[in-house]
Amino acid sequence: MMRSSSIFRPSLLAVSVSTILLSGCLSSDSDSNTSDEATPAVTGLTLEYVGRYSSDVFGESAAEITGYDPASRRAFVVNANEGSLNVLDMNDPSAPTLLDTLTVEDVASNAVVNSVAVQGGLVAVAIEASPKTEPGYAAIYDAATLSLRGFIGVGAQPDMLTFTPDGNHLLVANEGEPSDNYQTDPEGSVSVIDVSDPDNLQVRTADFTAFNGQKAELVTAGIRVFGPGASVAMDLEPEYITVSDDSTTAWAALQENNALAKVDIATATVTEILPLGYKDHGLEGQGLDASDEKSDIDIKPWPGLLGMYHPDAITSYSAGGETYILTANEGDARAWGEDTADYWGPEDPALPGYGGDATQGFVEELRFKHLFHKDGFARRLGDDMPPQLYALAKGALLNPEVFDDCGASAGDPGLCREDEQLGRLSVTWTMGYRTDDNGDPVMFDSSGTESVTGDRLMYDQVYSFGARSMAIWTADGDLVWDSGDMIEQFLASDACFAGSERDISCADFFNSNHDEGDAFLNRSDNKGPEPEAVTVATFGDRTFAFLGLERMGGVMAFDVTNPESPSIVDYLNTREDWVSDPETNLAIVGDLGIEDITVIPADQSPTGDVLMLTGNEVSGTTAVYRVVLQTEE
C-alpha cells in the first residue's frame, strides 16, 4: 500500500456546508429491554429475494437511486430515463406497484432527476439543469402528498444528496463535470441546505477555491488534479457524501481525484482534502484478473501495477467511539470527447487535423498494449491516441527492472503487452512516468536510454482504474482495511452461487458484464466486478456493510463490526439468466447493474422484517430483499 499521509487544509475559510450518515441503521438498546429474557445476540445474516418492480426499460437507467418513507410505505426511485422519480407502493414488498411519477418541470424545464433522499416525511431531489454545466437545484417534496414544499439553487450537476442524521440539513454533492469538449468546466462544491423549515430553504456553499493556490502540493501528495486548464476548484468533483452520527462533519468522495473532502457542517467549509493513495496490485492478496482474452480465471499479483481507489458510493459508521468511512472502489476515468471526431483526428496523415485537436476533449484511458509498443504512438493516431499524450511524447517504455516478471526489457515491453497478460487492461497515461524535480517528464530514446533528445516516456508504475474492493478509512483518511482481491477470489470460488435460488455457479460467469449474455471475463480488462454501492446497518451489537457490484451484480454483505478484520457473510445476486441477450429477454433475466442500496429497518418495514431495496439501472428494476438475522441459540 502506497499513500501519502499528507492532508490539505485551505489557507482561507470558505462558505458553509453540512453532512449526513448513510446507514439505514437498526440497533437494539439493552437499557430499554424490560423483558427478563435477554435479546439473543446477532451473529450473522443472510439475504433472501422477495420481489421486484420492473420499468420494462433496458439499459436506459430507468431505476437508479432509491429511498423509502415509512409513514406512507412508499419507495422513491430515480428514473433517469424519464428524468423523473417513480413512486412505488411498498405495502406488498413481493409485488411493488407504481403509484405515481414525480416530474420536476415545476422547478426547471428540460431538467432531470439525479438523486433522491428521504427522511422525516420529506423527499429531497437533486435536479440537474440543461446543460449540465449550469447551476442545478435541490427540491423538497412531501412524501405523502407529493406536493412541492420548496426548491433552491445549488452548484452544477448535483449528483447526490443526503440528509444529516438530525434532519436539520440537506447536503448536496455538486459534481461539476466539464462539458464534453472541456470548454466549460464548472467548479465542484457541496451545498449545505438548512431544511428546518422546508418551505423556506436556506443554502450555503462549501467550495474549493481556498485550495487553488495549493495545486502543486496536492499533486505531490497524490491528489489527482489534472484537467486541462482547470483550477483546483474546477478539477475537484464531489461524487457522494456521508455524514458523522453527530451531524457535525461530512466527507465527500472526489472520485476522479482519488481523494476525500472533509467538510465542517456548521461553517459550511471544506477543512481538509485527504489523499487516498494507491493500491499495490503487485502484492500477494492484492492481485487481480487482468485479461478478458483467456479461457480461465487468473487472479494474481502484477508487480508495477497500482490501482486508484476512485470510490463511488461511500458511507460511515461508528465503532469504539471512532468514525470510519467505507468506500466502494469502483474507478472512473476522465473521458471527454470520446465521440468527437475532431478530437482524434483523421487516420489519414494527408488530411487536415491528423493527430487530433486537443481543444475538443480529454481522454486519459488507454489500453496497456496501446500505450506500450516498441514502435511508439504514431500507429494509433486517428484511432485511440489522445492528442495530449502525443504532444507529450512519441512513445512510452516500461521500466524493465519493475516489469521484468511479465517480460519487459530495455526498449521493448515484450510479453507484458500480450492480450493474455496486461495488454487488454485499461490504464491511465497521465501518471506513472518518470519526472524530474519540476514535474517534467524525463525523456528516453527508443532503446531505453535516458536522453535529452529522446522522445519516449519511461513508466516506473502503471495505474489502473479502481481497486476492485471495499476499503475502510479513519476520519482523517488513513487506510484501516482493504478487501484486497477478496471479492474476485470469492466470485471465482466454489462457495459462490448466483440467482435468487443460489443455483448458478458464479465462477462460470466470473467478471461478466451487466448488459450482455454469456460474458465470462468480459470486465477483467476493465474494473472487474466494479464495487458501486455501499451502505451500513447495525443490528444489536454488530455492524454490517452491504456492497453492490455493478457489473457482476448482486449484494455482498460484510461483517464490519471490527473495522480491522471484516469478513464476507453472504452474497445474493438476483440475475437469473446469464446466457440470453438481456435486452430481448428482459422479463426473465432478473436484476442487472446495481446502482444503489437502501436498508429498511424492521420497525419501519411494511412486514416487520428488515428489508433492502436495490436500484438496478441496466434492467430498470427495483428489487426487494429480506435481511434474515442469525442469532445465538
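Are E530 and R551 buried or exposed? Both residues are buried, and the salt bridge between them opens the following set of close-up views, which were all drawn from a predicted model.

**View 1. The salt bridges of E530.** The side chains of E530 and R551 meet in a salt bridge with an N to O distance of 2.9 Å. E530 belongs to the loop between β32 and β33, whereas R551 belongs to the loop between β34 (542–549) and β35 (555–559), so the pair ties together parts that are 21 residues apart in sequence. E530 also forms a salt bridge with K527, and here the closest N and O atoms are 4.0 Å apart. K527 is buried, as is E530, and the relative accessibility computed for E530 is 0%.

**View 2. The backbone at E530.** In the loop that runs between β32 (504–505) and β33 (531–539), E530 has a phi near 55 degrees, a positive value in a residue other than glycine. Because its relative accessibility is 0%, E530 counts as buried, the cut-off for that class being under 20% relative accessible area.

**View 3. The backbone at R73.** R73, which is not a glycine, has a positive phi of about 55 degrees. This residue is placed in the loop between β2 (66–69) and β3 (74–79). With a relative accessible area of 33%, R73 is partly exposed, whereas E530 of the preceding view is buried.

**View 4. A cis peptide bond before P131.** The peptide bond that joins S130 and P131 is cis, with an omega of about 0 degrees. P131 is found in the loop that lies between strand β7 (122–128) and strand β8 (135–142).

**View 5. A four-stranded open sheet.** The strands of this open sheet follow the order β10-β11-β12-β13, and their pairing is antiparallel. β10 (158–163) and β13 (202–207) stand at the edges with a single partner strand each, so one side of each is left without a neighbour in the sheet. Neighbouring strands of this sheet are turned against each other by 20 degrees on average, with direction ignored. At the β10 edge, five bridges join this strand to β11 (residues 169–174), and the two run antiparallel. A viewer who wishes to locate the pairing residue by residue may start from T162, whose bridge partner in β11 is L171.

**View 6. A five-stranded open sheet with mixed pairing.** Here the strand order is β18-β19-β28-β26-β24, and the pairing is mixed. The edge strands, β18 (278–280) and β24 (365–367), each pair on one side only. From one strand to the next, the twist averages 45 degrees. β24 and strand β26 (residues 426–428) are paired in the antiparallel sense over three bridges, and in β26 the bridge partner of L366 is V427.

**View 7. Two nonpolar cores.** The largest nonpolar core holds 70 residues, of which I273 and L491 touch the most other members. Strand β15 (residues 249–254) gives the most to this core, contributing five residues. A second core, separate from this one, comprises 32 residues, among them W302, F368, L371 and L381.

**View 8. Further salt bridges.** Side chains of opposite charge can pair when their charged atoms come close. A search of the whole structure finds 28 salt bridges, and this view selects from them. D292, R367, R424 and D525 are linked to one another in a network of salt bridges. K374 forms a salt bridge with D375, in which the closest N and O atoms are 3.7 Å apart. K374 is partly exposed, at 46% relative accessibility, whereas E530 and R551 of the first view are both buried.

**View 9. The cavity and its lining.** The search yields one cavity of 30 Å³ or more, and the volume given for the largest cavity is about 40 Å³. The residues that line the largest cavity are G553, G554, T574, D591, L592, G593, I594, T614, N616 and Y625.

Notes: Residues are numbered from 1 along each chain as its sequence is written. This is a predicted model: local features need pLDDT of at least 70, side-chain atom pairs count only at pLDDT 80 or more; totals for chains, interfaces and linings use all residues. Side-chain values use heavy atoms; hydrogens and water are left out. Two strands pair if DSSP finds at least two bridges between them. Axes are lines fitted to C-alpha atoms, for helices over the stretch in contact, and angles run from 0 to 180 degrees between N-to-C directions. A nonpolar core is a set of buried Ala, Val, Leu, Ile, Met, Phe, Trp, Tyr and Cys residues joined through side-chain atoms within 4.5 Å. Buried means under 20% relative accessible area, exposed over 50%, partly exposed in between (1.4 Å probe, protein chains only). On a 1 Å grid over the protein atoms alone, a cavity is a set of points where a 1.4 Å probe fits but cannot get out, and a pocket is an open set with protein on both sides within 12 Å along at least five of seven lines; lining residues have an atom within 4 Å of a point. Grid points are joined across faces, edges and corners, and a volume is the space filled by probe spheres set on the points.
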